[in-house]
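Visitor: Please choose one part of this predicted model and take me through it slowly, with the cut-offs behind the terms you use.

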Amino acid sequence: MARSGETPGQIIAREEEPKDVSLPPPKAPPTSPVLAVDWVRQHLFSSVPNTLLTLLCFWLLWETVPPLIDWALIGAVWSGGDPQLCRDADGACWAFITEKHRFILFGLYPFDEQWRPRLAMALFVGTLLVSSYPPFWRPWLGLLWVAVFTSCGILMWGGVFGLTPVDNTRWGGVPLTLILAVVGLVCAFPLSILLALGRRSDLPAIRMVCVGFIELIRGVPLISVLFMASVMFPLFLPEGVTIDKLLRAQVGIILFTAAYLAEAVRGGLQSIPRGQFEAADAMGLSYWKKTLLIILPQALKVAIPPIVNQFISMFKDTSLVIIIGLFDLLTTAKTALADPPWRAFYIESYLFAAMIYWAFCFFMSRYSQYLERRLETGHKRS
Amino acid sequence: MQQSLGQPAKRSAWWNDARVRGVLSQVFVLGGIGLLVWYLVSNTLANLETRSIATGFGFLEREAGFAVSESPIPYSAADTYYRVLVVGILNTLKVSIVGIALATLFGTLAGVARLSSNWLVAKFATIYVEGLRNIPILLQLFFWYTVITQTLPGPRQAFNPMPGVFLSNRGLQYAEPVWDPTYGLMAGALAVGIIGAWALGRWAHKRQERTGRLFPTFRVGAALILGLPVLAYVLGGAPTELDVPALKGFNFRGGGTVTPEFAALLVGLVLYTGTYIAEIVRGGILSVSHGQTEAGLALGLSRGLVMRLILLPQALRVIIPPLTSQYLNLTKNSSLAVAIGFPDLVSVANTSINQTGQAVEGIAIIMAVYLTVSLSISAFMNWYNRKIALQGVR
C-alpha cells in the first residue's frame, strides 16, 4: 500500500481523489456465449461468407458421413471366412481382418508360437508406457529396459527354456516394426550425441568428419541408405562373412536416425547459455567432465521433445523396409491382399494397418507436447 | 595448476597439453576412419573381382535395354543407361516441383482453415492434419495407387466428363493442342509480361516512396501478364487444332496423359506434406501477436492490406526455415515412387543396379543427385529467407 517516500498525508490525499470523479453507472455484464444459440451464431453464422462455408461443410458431411456409416457399420460383413459373403455385401469386409489379422500382426511367425511375439509386444509397450512418466526416469529404468530387451530376445528367438527356435527371417508385423524403431532409437542415440558434440568441437578434422556425415545422410532419402545397406554391405564385408537382411536394414536405420537425432541434440546444445560452459571451465573441469556433468544433462532436457518427434517419424519410416523385402506391418498388410479371393478388400487391410500406425504416432505426438510443457522450466534462452 | 609467486611454473607433461591432445585425437580419429575405409574398399574390390563385376562409370555408355512407363523426353529401350538416368532425374524433378507447388497451396489453405473462426471448418482442417500426418506416407501411396487402379473403370468404360477428357484405370487422358509456332510466341509474350509487371512494380514502389501517390500495380500487372499472351494468340492466327485421345485396342492413343503412378504419387505427397505445411503456417500466423492486427486496423488499413503488409511479412520470417525442410522432405519422399512403379531416379537406378551389378556406382549417382537437389533447394530458400529477414538486425 504505502509507497516508500510518501507521507501518510499524501497517501490519504491520493485515496480521496476518486471521490471527485463521477463514475458511469454500472453496465449489465456482457452475455457470455453459454447458450447454444449464441454459440452457434458466433462460431458458425457470424457473417455471410462464414454462413456459406458452414452450409458447404454441412453439405460435405451429409454427402460423406451417412454413406461411410452404411459402408463401415450397417452393410459390413463382420465374420465368416467366406470371401463370397463379402463380395455379395455392399459394405466393408471386416471378415477379412478377422481372417487375416494374425498374419498382419505377426507376419510369418509360426502360427502356434504367436503367443511369444504377443507377450514380447505387451512387455515392450508396457515398458514404453512406464518409461513415458518422467518421475520414473531413474537408473532402475535402464536396468528394466535391459531385462525387457533380453526377455523379448529370448521370446522372439527361442532356443532356450524349451522354446522352439525361430529364425529372425520369420519375424514380422507389429513386433518387427517396433523392434526396428526402438532398437534404431536406442542405438542411434549415443552415436547422435557423439556426432552433435563432434559438430561443435574445436578440432577441425573431427568437426569436418561429423558435419560431412550428418549433411550427407540428411541430404539423401532413407531409401537410398536402405538400398546401400542391402546391396553394398555384402560387398564391404570380407569373403565368407554374411550378415542377415534384418541386421543390415537395422544398421541403415540406425545410421540414418543418428544423423537426424544429432541435429536435435545440437539444438539442445546450442540452447545452453555460454555462461554454463565458462563456469565449468572456471571450475577446472576437463572436457568430458564438463560435457557429461554440466552440459549434456541440460541440453538433453531441451532436446527431448524434438527427439520424441524424431522417433515418431522414424516409426513411420520403418515402413520403408518393404522395399528391401522385410515383413513389417505395412508389408504384411500388403501381402495379406495377395490371396486372390480377398484381393478386393484393400481398403480394409490398409485401414487396419493405418489405424495401428496412427494410434502409436498420435499417442507419441501428444506425449511430446505434454513433455514440452512439463520440461519447460523457464531456462530457455530467448 | 597452482603457481606460487617467484617460482617458475612447473611444466606439465607434454601429453597433458591441450593442443598436443587435440592434434593427437584428430590424428587417431582420422587414422581410424582411414583404416576403416581402406578395409572396406579392399574388401569391396576383392568381392567385385571374385564376382567379376566391372567398376567405373563405363556402363553409362551401354544400352539400357529396359523401357520406362513415362518420360518427359523421347526414350526407348535401345537408349543408353545415361539417358535412362536422365529420364529418372527429370521425372523426380517433375513430381517434386509440381508437388511442392500444390503442397504449399494446399497446406496454407489447411493451416488458415485450422485458425478459422468457423468451428466446422477448423474441425475439418484439424481432422485432416492430425489424421494424415500420423500415417506413413508409403502406406498412403499404396492406398491411393490401389484406389486409382482398382476403383476406376477400364479404358473401354472410361468416364468421359467432358469432350476430349477420359478418366480410367490407365490414368487421365486429355486433349492436347498440336504444336504451333504461335505457342512459342505466346511463351515469349508471357515472359515479356512478367518482366514488364516486375519492372512496373519497382517503378510504382519508387514513385510511391518519392511522391506518396499509389499506382494500381496489381491490375495493370495482371493485365500485362494475361493480356500479352492473348494478344500473341490472336495475332498468331488463333490455332485450334487439338490432339484428341482415342481408344485404340485396349488403351488410348494420342493426347496428354497423367499416369496412375504419377497421380497416386502426387496425391500422396501433397496430402502428406500438406499436413506439415499446415502446421508450419498455423504456427507462423500465431507467432504474430494480435496487437499487430489491431494496430493495423487502427491505422485504417483494410483487412486485406493488414494481411499483406503487416501479418504476412512477419509470419513469413517464422515460416520459411521449417518450410524449406518440408520441401526437402517432399523431394526425398518422392523416391518412394519406386514402390508404386513410377520411374523416378531411384527406380531406374535400382533397375540399372540389378542389371549391371554396379551397386557402388548406382548408389553414388543417386546420392550425388539428391545432394545436389537438396543443396540447390536450401540455397534458394536461404537466399529468399535472407531477402525477407529483418534488415540490419543480426
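Guide: Setting aside neighbours within four places in sequence, B:Thr275 is in contact (heavy atoms within 4.5 Å) with B:Tyr128, B:Val129, B:Leu132 and B:Arg133. B:Thr275 belongs to helix α7 of chain B, where helices (H or I, at least four residues) and strands (E, at least two) are DSSP runs numbered from the N terminus. With a relative accessible area of 0%, B:Thr275 counts as buried; buried means under 20%, exposed over 50%, and partly exposed in between, with a 1.4 Å probe and protein chains only.

Residues are numbered from 1 along each chain as its sequence is written, and chains are lettered from A and ligands numbered from 1 in the order in which they are written. Because the model is predicted, local features need pLDDT of at least 70 and side-chain atom pairs count only at pLDDT 80 or more, while totals for chains, interfaces and linings use all residues, and side-chain values use heavy atoms, with hydrogens and water left out.

The surroundings of B:Thr275 belong to a wider meeting of helices, in which B:Tyr128, B:Val129 and B:Leu132 of α3(B) touch B:Val270, B:Leu271, B:Tyr272, B:Gly274, B:Thr275, B:Ala278 and B:Glu279 of α7(B). Sorted by class, this contact of α3(B) with α7(B) holds seven nonpolar, two polar and one charged residues; here Ala, Val, Leu, Ile, Met, Phe, Trp, Tyr, Cys and Pro are nonpolar, Asp, Glu, Lys and Arg charged, and the others, Gly among them, polar. Helix α3 of chain B covers residues 119-132 and helix α7 of chain B covers residues 260-287, and their axes come within 9 Å and cross at roughly 115 degrees, the axes being lines fitted to C-alpha atoms, for helices over the stretch in contact, and the angles running from 0 to 180 degrees between N-to-C directions. The crossing of α3(B) past α7(B) is left-handed, meaning that the near helix is turned anticlockwise from the far one by less than a right angle.

Chain B also holds a sheet, which follows on from strand β8 at residues 256-258. Three bridges join β8(B) to β3(B), the two running antiparallel, and within this pair B:Gln173 stands opposite B:Thr257. Strand β3 (residues 171-174) is in turn joined to strand β2 (residues 165-168) of chain B by four bridges, again antiparallel, where pairing needs at least two bridges found by DSSP. B:Leu167 has B:Leu172 as its bridge partner in β3(B), and two residues lie between β2(B) and β3(B) in the hairpin that they form.

On the other side of β2(B), antiparallel pairing with β1(B) runs over two bridges, with B:Phe159 opposite B:Leu167. This pair too is a hairpin with two residues between its strands, and B:Gly164 in the turn has a positive phi of about 85 degrees.

Taken together, the strands make an open sheet of four in the order β1-β2-β3-β8 of chain B, with antiparallel pairing. Because β1 (159-162) and β8 of chain B each have a single partner strand, they stand at the edges, and one side of each is left without a neighbour in the sheet. Direction ignored, neighbouring strands of this sheet are turned by 20 degrees against each other on average.
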